[in-house]
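I set out to record what can be looked up in this structure, entry by entry. The notes follow the order in which I consulted the model.

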Amino acid sequence: MRKKLLSLLFMGMMTMALCTGCGGEKKTASDLPKADTSKEGKVINICVYQDTMKNFVNNYYPEVESVSKDGEDTFLKDGTKIHWIVNASEVFQTKLDEMLKKQDTAEPDERIDIIDLEGDYMKKYLDSGVCVPLSDIGITEEDMAGQYPNTKEAITVDGKVCGASVEVAPGLFAYRRSIAKDVLGTDDPDKVQEMLSDWDKFDEAAKKAKEKGYYMLSGFADAYRVFSNNMSKPWVSDNQTVEVDPSIMKWIKMTKEYTDAGYNHKSTNVFTEDWMKDQAADAKVFGFFYSTWGINFTLVGNAGEEGFGDWAVCKGPQPFYWGASWLVVAKNTDNPEHIKDLLLALTCNKDIMKKISQDVNTFVNNSEAMTEIANDPKSGSDFLGGQNHVALFNEVAPTINFQNICAYDQGCTLDMIYSFGDYFLGNISLDEAKTAFETAIKERYPNIKEIKWPE
Amino acid sequence: MSQKRQKKRKRSYYKRWGYIYTLPFFVGFFVFFFIPLVSTILYSFYEYYTIGLVEVGPNFVGLDNFISLLQTELPKYSLNTLILWLGGFLPQLAVALLLASWFTDARLMICGEKFFRMILYMPGMIMASAWAMMFFTLFSNAGPVNSLLMDSGTVSEPVSFMSSVAGTRVLICFMFFIMNLGNSVILLSATIMGLDRDIYESARIDGCSHRRAFFKVVVPSLRPVISYIIITSMVSGIQMFDLPQIFTDGQGSPNRTSMTLIMYLNRHLLGNNYGLAGALSVYLFLVSGILCFFIYRILNQREE
């Protein structure tokens, strides 16, 4: 009897385990989700991966009444509460994915309303049908007229814009004035730009830098974003094949040459200890490809006081961006009216956006506001020796190519940089590195069956 | 008659408490161990992963997951795991035996022996992840170890420890060694102190050297403790994950020569590939089971 009971229990459990797996709902990108516009909830849940957006809302959204002591809640004048769900980048997607699974069944006030998505994984959520078109909550094309058009195209699905950026992250090449004088004979940004305007010239400058005892770049991943933002097609177009772009092959070739010739300092990735130390005043690295936040915050911090005034920026060989993010409205949101108002203030209101840019030294997604700041004779950065970098950012921002963003960007970027590190160091051959990338990417994305390399 | 029945009922009433008291363990075991175990084994026969947020499967695929795992570099990762474990464990056992013999040797008259034992135990109290991060910083190209080497004139260029196979493996083994050393020393010296000193003393009086007496008299009496240390260390060796994972940023670099089995398992969880990860877990379960069986037999033989 007992045995029978036990086996019955076993069977029940197995069937249960089976059923839990079957519950997954399958959605395609074409049927865009709808917002629940019947009535407004009392809590707006916003998922972010850092505090930047929270600070923008708390400090610049006119409807804010007060902020709770622990900073987790922001109260609006009409009594509605914004609840901030902050998860660091490393766990952001895991936690978000868990929460989104309950999005259809959760109580209205528990549902996620806004998500801050980084460019590297934004498409994953767009393709999964999580994001409501902004037109559904009443934000029109006219409202968004001030935004840089490419930031809107990047997040358009079936002709409908599904998100909006507060900031744009155009990239520039930040270089050390003192080293530029020694190597190129000048530190004037225009003249330096002339000498670095394409990759051949860049290589020449690297050779000169080496002769003078400097490194052109810090390591392997430094130039990666410049090449990966200029690919001719997305990494994956059919959910089965990774197509490695010729632009990526150029990065591999260049990085190998630079490593063998001693043009770089062999730091294995960005944001490593070695990489950050290469930005200090006593380091010997010529320059870094960095975007807005990188130059205004990261570089300033790493360069330290001694580096103040010793840096300048130029456009470099190709336009690129690094770290753009979009605010999207989650499906089944119960606060469409509030979200509309919030997004209009932070992503469409020129005055508010201009104020944000001036106060926190960031590049906001409003071309009119940024042009005004760029043309203001008072604009300029002390860190960059008085150079007006906003003007340069403003020239690069409209030229960024967001067309080839896909849901596989983050994984491809990570595995590409890691897999080829050993090749650059000379530990493995090019073919072995390619195999390593293929293995890694197939592990990460089980649906990928084939990896195509350009001839 | 009725009194008898009452007595009987009372006894069975007390008997029931035993079950109730042990119930929390069984409930916990069932929910947190048994159900995951069964579902892992079950999923290993299915194709089951996610693309973005879309779940694929579970579709029954038979033994496909097991077969496709055999076509990967699984032997390489098994060998890595073995090398990293033995590289840390063998020195750990040897040094622990040596230190334990010193600490318990009355003739050496070591001062502050308790203090040293505490110092040795301290590394084990630090989290493995903290160790890995500390070593990563210490041995990076611009780290303090390289500055020291360069300032002292030993090397002219910074040594890239983590880009060589030997460098990475030795450092991971060393962390494993230093973390587990203190525990073994305490276990061994406590056992040695509990041994009957008479045999050892008489061997010494008969003219046996300290070393000989140690290996011929003390070590054989330590067998049960040494077996215990081997088993616990092997279990943590098979499960080695946090040290190499954090030390190599999850890559098992260079070229996956320090990627352990659990790190490889973790790679499959990036794509929520429950099917393949489940199959790998089943392999690990089988290997651990076989190893446990052998060690259990060896242990039992010795007791006989």
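The entries below go from domains to sheets, then to single residues, and end with the contact between chains.

**Entry 1: Domains**

I note at the outset that the model is predicted. I looked up the division of chain A and found domain 1 (43-168 + 323-375) and domain 2 (171-322 + 394-452). Their C-alpha centres lie 29 Å apart. For chain B I found domain 1 (2-43) and domain 2 (73-303), with 39 Å between their C-alpha centres.

I then turned to the contact between the two domains of chain A, to which domain 1 gives 20 residues and domain 2 gives 17 residues. On the domain 1 side, helix 4, helix 5 (149-153) and helix 15 (367-375) of chain A each give two or more residues. Helix 4 of chain A has the largest share of that side, seven residues. By class, I recorded nine nonpolar, six polar and five charged residues on the side of domain 1 that touches domain 2.

**Entry 2: The sheet of seven strands in chain A**

In which order do the seven strands of the open sheet run? I read the order as 2-3-4-1-5-15-6, with mixed pairing. Strand 2 (64-67) and strand 6 (131-132) of chain A are the edge strands, each pairing on one side only. Strand 6 is joined to strand 15 (residues 325-330) of chain A in the antiparallel sense over two bridges. I located one bridge partner there: Val132(A) is matched with Val329(A) in strand 15.

Helix 2 (residues 52-60) of chain A packs on this sheet, where it touches strand 1 (43-48), strand 2, strand 3 (73-76), strand 4 (81-86) and strand 5 (112-118) of chain A. I noted an angle of about 125 degrees between the directions of helix 2 and strand 2 of chain A.

**Entry 3: The sheet of three strands in chain A**

I next examined an open sheet of three strands in chain A, with the order 13-9-14 and antiparallel pairing. Its edge strands are strand 13 (287-291) and strand 14 (311-314) of chain A. On average, neighbouring strands of this sheet are turned by 35 degrees against each other, direction ignored. Strand 9 (residues 171-176) and strand 14 of chain A pair over four bridges, and Tyr175(A) stands opposite Ala312(A) in strand 14.

Two helices were entered with this sheet. Helix 6 of chain A lies across strand 9 and strand 14, at about 75 degrees to strand 9. Helix 12 (residues 292-303) of chain A touches strand 9, strand 13 and strand 14, and its direction makes about 135 degrees with that of strand 13.

I also looked up Ser178(A), which is found in helix 6 (residues 177-184) of chain A. Ser178(A) counts as partly exposed because 14 C-beta neighbours lie inside 10 Å. Its C-alpha atom is separated by 8.1 Å from that of Trp311(A), although the two residues are 133 residues apart along the chain.

**Entry 4: Backbone details**

Which residues that are not glycine have a positive phi? I entered Asn239(A), with a phi of about 65 degrees, and Lys266(A), with a phi of about 60 degrees. Asn239(A) sits in the loop between helix 9 (224-228) and strand 11 (241-243) of chain A, whereas Lys266(A) is in strand 12 (residues 264-267) of chain A. Asn239(A) is partly exposed, with 16 other C-beta atoms within 10 Å. Lys266(A) is partly exposed too, with 19 such atoms.

In chain B I noted a cis peptide bond from Ser253(B) to Pro254(B), with omega near -5 degrees. Pro254(B) lies in the loop between helix 11 (242-247) and helix 12 (261-269) of chain B.

**Entry 5: Helix 18 and the contact between chains**

I checked the length of helix 18 of chain A: at 1.5 Å a residue, its 15 residues should span 21 Å, and the end C-alpha atoms are 21 Å apart, so the two agree. Its buried residues include Ala433(A), Phe437(A) and Ile441(A). The buried residues of helix 18 pack against strand 11, helix 17 and strand 16 (450-452) of chain A, together with helix 12 of chain B.

Finally, I recorded that the contact between the chains takes 31 residues from chain A and 30 residues from chain B. Among the elements of chain A that each supply at least two residues are helix 17 (409-424) and helix 18 (430-444). Helix 1 of chain A gives the most, with four residues. The side of chain A that touches chain B has twelve nonpolar, seven polar and twelve charged residues.

Technical notes. Residues are numbered from 1 along each chain as its sequence is written. Chains are lettered from A and ligands numbered from 1 in the order in which they are written. This is a predicted model: local features need pLDDT of at least 70, side-chain atom pairs count only at pLDDT 80 or more; totals for chains, interfaces and linings use all residues. Two residues are in contact if their C-beta atoms, placed from the backbone, lie within 7 Å. Ala, Val, Leu, Ile, Met, Phe, Trp, Tyr, Cys and Pro count as nonpolar, Asp, Glu, Lys and Arg as charged, and the others, Gly among them, as polar. Domain bounds come from an automatic or database domain assignment. Two strands pair if DSSP finds at least two bridges between them. Axes are lines fitted to C-alpha atoms, for helices over the stretch in contact, and angles run from 0 to 180 degrees between N-to-C directions. A residue is buried if 20 or more other C-beta atoms lie within 10 Å of its own, exposed if 12 or fewer, and partly exposed in between; C-beta atoms are placed from the backbone. The expected span of a helix is 1.5 Å times one less than its number of residues.
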